Amino acid sequence: VDRYHQPGGHWQVAYPHVRLHQPSAFYGVNSKHLGSDTIDHTGGNKGLFELATHSEVCAYFDQVMQQQFLPSGRVQYFPMCEYDGNGQFHSLLSASRYTVKAKKMVDATYMNVTVPSMQPPRYELEDEVHCLPPNALSQLTGQYDQYVVVGSGKTGMDACLFLLNRGVKADTIRWIMPRDAWLLNRAFIQPGELFADSISNAFFQQSKIMADASSLEELLQGIADLGPLIRFDDSVWPTMYRCATVTSTELKQLKQITGIIRQGRVNKITATHIELEQGQVPTTPTTLHIDCTADGLQRRPEVSVFSGKQITLQSVRTCQQVFSAAFIGHVEVAYDEEEQKNFLCTPVPHPNTEVDFLTTSLLNALNGAHWAADKVLTTWLQNARLDGFTTATSDKALSTQQLAQQKEMLEQMQANGIAAIENMQRLLAQAES
């Protein structure tokens, strides 16, 4: 039951210039590759595995439905329908109503993914103000004297890069950044042969930092010095962590924008000024304001994934929603006891603050330890296309040396695991106090 006209969820209403922030190999369904595992040779992602575009993702999920699910005879698809509860749903286009009986119901709506086109700005706008969601950028035909990007997350970065890559001068862009963020260096989130490189360069050292750090600040700075974590401005300590990824090339582009406004969130935009939580800045009727404030990774209260007839999809690995869905699906069919299923599928809530880097890392480690204790589950993980962190996910074969290196590093990381978990529990208690 899908409220959109074809599969793809929020991708159906996302801005058309959006790309995945993780390699295509980590995305989609477990049984069908997304993309061709090629290396980008141009652009901000140069040298790394390809990132699927908006149109590629939408086409991919439509192919999964049309070429795999429906021909199986095991799936019925009801687009442009809304679920009412109690096994009932209705068409959004007609008076048709439906009732279904099922042994289980999978709720894929709980995480409430929201993109800017799905809601108006969360601040007041006067009539003279030009304010658009990022969806409208690709349809602009005129020029503006100034551009103001509102929001410092993934969408805000995408809007800034869109403008810069299309010739807009950096000095005409202002960027309202309520909070600076810790960003993930995409070079360390790679499958295939690049996975072997990234794990040898960072994963083992990162596990040691997590085991040895005496404070949250030392942990974050240590990982930043290592390379997997980066920030927009080294002179500003980030207080946000939302899993956004960036490359060194993209970061260099973004740093061309010097008109950074750090005065909190926007309360109101008038024809002459922008009112913020901590002051105001001037604007004009010839300025385009780009609203990038929707909460795409909304933090939701965690609930049991398995509860009687209900399965509520949530992340069981930080910001890896599609892997998590595949993992939950496997656990549902491979295990019988609900208690065991929920033990293996402990939710990892979406992060928000820098403390959440520690929280999600700890929950990831605990889940990983539980999975590693189950040999049958470990085998499934090693063969799961979407799990780029247990095994290489590229079709390209790794060398014998790379495989041996991978195995050695994984074994060393597992040896550090208990110490890292104990230390992160201590640091989390310290940070919360």
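Which residues in helix 4 are buried? They are Leu 216, Leu 219, Leu 220, Gly 222, Ile 223 and Ala 224. The model is predicted. The points below cover the contact of helix 4 with helix 8, the strand pairings, two buried polar or charged side chains, and positive phi values.

**Helix 4 and helix 8**

- Helix 4 spans residues 216-226 and helix 8 spans residues 355-372; their axes come within 10 Å and cross at roughly 80 degrees.
- An angle of 65 to 115 degrees counts as roughly perpendicular, and helix 4 and helix 8 are therefore described as roughly perpendicular to each other.
- By class, the contact of helix 4 with helix 8 has 7 nonpolar residues, no polar residues and no charged residues.
- On the helix 4 side, the residues in contact are Leu 216, Leu 219, Leu 220 and Ile 223.
- On the helix 8 side, they are Val 355, Phe 357 and Leu 358.
- Leu 216, Leu 219, Leu 220 and Ile 223 are also among the buried residues of helix 4.
- An α-helix has 3.6 residues a turn, so residues three or four places apart point the same way.
- Gly 227, just after helix 4, takes a positive phi of about 130 degrees.

**Strand 16 and its partners**

- Strand 16 covers residues 287-291, and 5 of its 5 residues are buried, so the strand is largely enclosed by the rest of the structure.
- Thr 287, His 289 and Asp 291 point one way from strand 16, while Leu 288 and Ile 290 point the other way; all are buried.
- Strand 6 (residues 130-132) runs parallel to strand 16 and is joined to it by 3 bridges.
- Within that pairing, Cys 131 has His 289 of strand 16 as its bridge partner.
- Strand 7 (residues 146-150) also runs parallel to strand 16, with 5 bridges between them.
- Gln 146 stands opposite Thr 287 of strand 16.

**The sheet 5-13-14-15**

- Four strands form an open sheet in the order 5-13-14-15, with mixed pairing.
- Strand 5 (124-125) and strand 15 stand at the edges with a single partner strand each, so one side of each has no neighbour in the sheet.
- Strand 5 pairs with strand 13 (residues 266-269) in the parallel sense over 2 bridges, and Glu 124 stands opposite Lys 268 of strand 13.
- Strand 14 (residues 273-276) pairs with strand 15 (residues 279-282) in the antiparallel sense over 4 bridges.
- Strand 14 and strand 15 form a hairpin with 2 residues between them.
- Across this hairpin pairing, Glu 275 stands opposite Gln 280 of strand 15.

**Asn 423**

- Asn 423 belongs to helix 10 (residues 400-432).
- Its relative accessibility is 8%, and Asn 423 therefore counts as buried, the cut-off being under 20%.
- A polar atom of the Asn 423 side chain lies 2.9 Å from the backbone oxygen of Met 210.
- The Asn 423 side chain also reaches the backbone oxygen of Ala 213, at 2.9 Å.
- Leaving aside neighbours within four places in sequence, the contacts of Asn 423 are Met 210, Ala 211, Asp 212 and Ala 213.

**Arg 174**

- Arg 174 lies in strand 8 (residues 173-176) and is buried, with a relative accessible area of 18%.
- The side chain of Arg 174 reaches the backbone oxygen of Pro 282 at 2.8 Å.
- Not counting residues up to four places away in sequence, Arg 174 touches Gln 146, Tyr 147, Val 148, Val 149, Gly 259, Ile 261, Val 281, Pro 282 and Thr 283.
- Arg 174 and His 330 are 156 residues apart in sequence, and their C-alpha atoms are 46 Å apart in space.

**Positive phi at two cysteines**

- Most residues other than glycine have a negative phi.
- Cys 243, in strand 11 (residues 240-246), has a positive phi near 75 degrees.
- Cys 243 is buried, with a relative accessible area of 13%.
- Cys 319 has a positive phi of about 55 degrees and sits in the loop between strand 18 (310-312) and helix 6 (321-334).
- Cys 319 is buried, with a relative accessible area of 10%.

Key. Residues numbered from 1 in each chain as written. Predicted model: local features only at pLDDT ≥ 70, side-chain atom pairs only at ≥ 80, totals over all residues. Heavy atoms only, no water. Pairing = 2+ DSSP bridges. Buried < 20%, exposed > 50% of the residue type's maximum accessible area, 1.4 Å probe, protein only. Axes fitted to C-alpha atoms, helices over the stretch in contact; angles between N-to-C directions. Parallel < 35°, antiparallel > 145°, perpendicular 65-115°, else oblique. Contact = heavy atoms within 4.5 Å. Nonpolar A, V, L, I, M, F, W, Y, C, P; charged D, E, K, R; others polar. Polar contact = N/O pair within 3.5 Å; in protein donor to acceptor, adjacent residues only side chain to side chain.
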